[in-house]
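Please read this briefing alongside the sequence and the coordinates. It covers the strand order, the helices and two backbone positions.

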Amino acid sequence: MANTIRQEVIFKASPKRVYDALLDSKQFSEFSGGAPAEINRDPGGAFSCFGGVITGRNIELLPNQRIVQAWRVKMWPEGLYSIVKFELRQQGSETHLIMDHVGFPQEMRAHLNGDEGNGGWHRQYWEPLKKYLA
């Protein structure tokens, strides 16, 4: 399926620290360069990151192990959501994160994957989160 992205990243932090950084408004804002973030940590809770550029809802939360979100970019057509799943696995003192992103508009694939060098998961999430957790 062309509109699927799978990325795997290793963080020098525990699954709990990674999980908390992804779901805590203050930490998310800190690692993402100070952009406003509002995250309700409950299943079904709404979230808004990067000052409202990314919004959605938590579908499934398994503390320190899994986050599944209905996720959308502000410029997408109204009502269009994709699904993002973060799996967190302990690997010694580190965390192996597996991210699957499915159901996004095909024309957004290169941007989300970071192929264009102007955004994507690596630049917006993984690189700043690695620095934040170091």
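The points below describe the sheet, the helices and two loop residues.

This is a predicted model, in which local features need pLDDT of at least 70 and side-chain atom pairs count only at pLDDT 80 or more, while totals for chains, interfaces and linings use all residues. Residues are numbered from 1 along each chain as its sequence is written, and side-chain values use heavy atoms, with hydrogens and water left out.

**Sheet**
- Seven strands (DSSP runs of E, at least two residues, numbered from the N terminus) make up an open sheet in the order 1-7-6-5-4-3-2, with antiparallel pairing, where two strands pair if DSSP finds at least two bridges between them.
- At the edges are strand 1 (4-11) and strand 2 (38-39), each of which pairs on one side only.
- Strand 2 is joined to the antiparallel strand 3 (residues 46-49) by two bridges, and Ile 39 stands opposite Phe 47 in strand 3.

**Helices**
- Helix 1 (residues 15-23; helices are DSSP runs of H or I, at least four residues) lies across several strands, including strand 1 and strand 2, and runs at about 155° to strand 6 (82-91); angles run from 0 to 180 degrees between N-to-C directions, with axes fitted to C-alpha atoms, for helices over the stretch in contact.
- Helix 4 (residues 120-133) packs on the sheet and touches strand 1, strand 4, strand 5, strand 6 and strand 7, contact meaning heavy atoms within 4.5 Å; the direction of helix 4 makes about 15° with that of strand 1.

**Loop residues with positive phi**
- Phe 50, in the loop between strand 3 and strand 4, has a positive phi of about 55° although it is not a glycine; Phe 50 is buried at a relative accessible area of 16%, where buried means under 20%, exposed over 50% and partly exposed in between (1.4 Å probe, protein chains only).
- Asn 64, in the loop between strand 4 and strand 5, is also not a glycine and has a positive phi near 65°; Asn 64 is partly exposed, at 28% relative accessibility.
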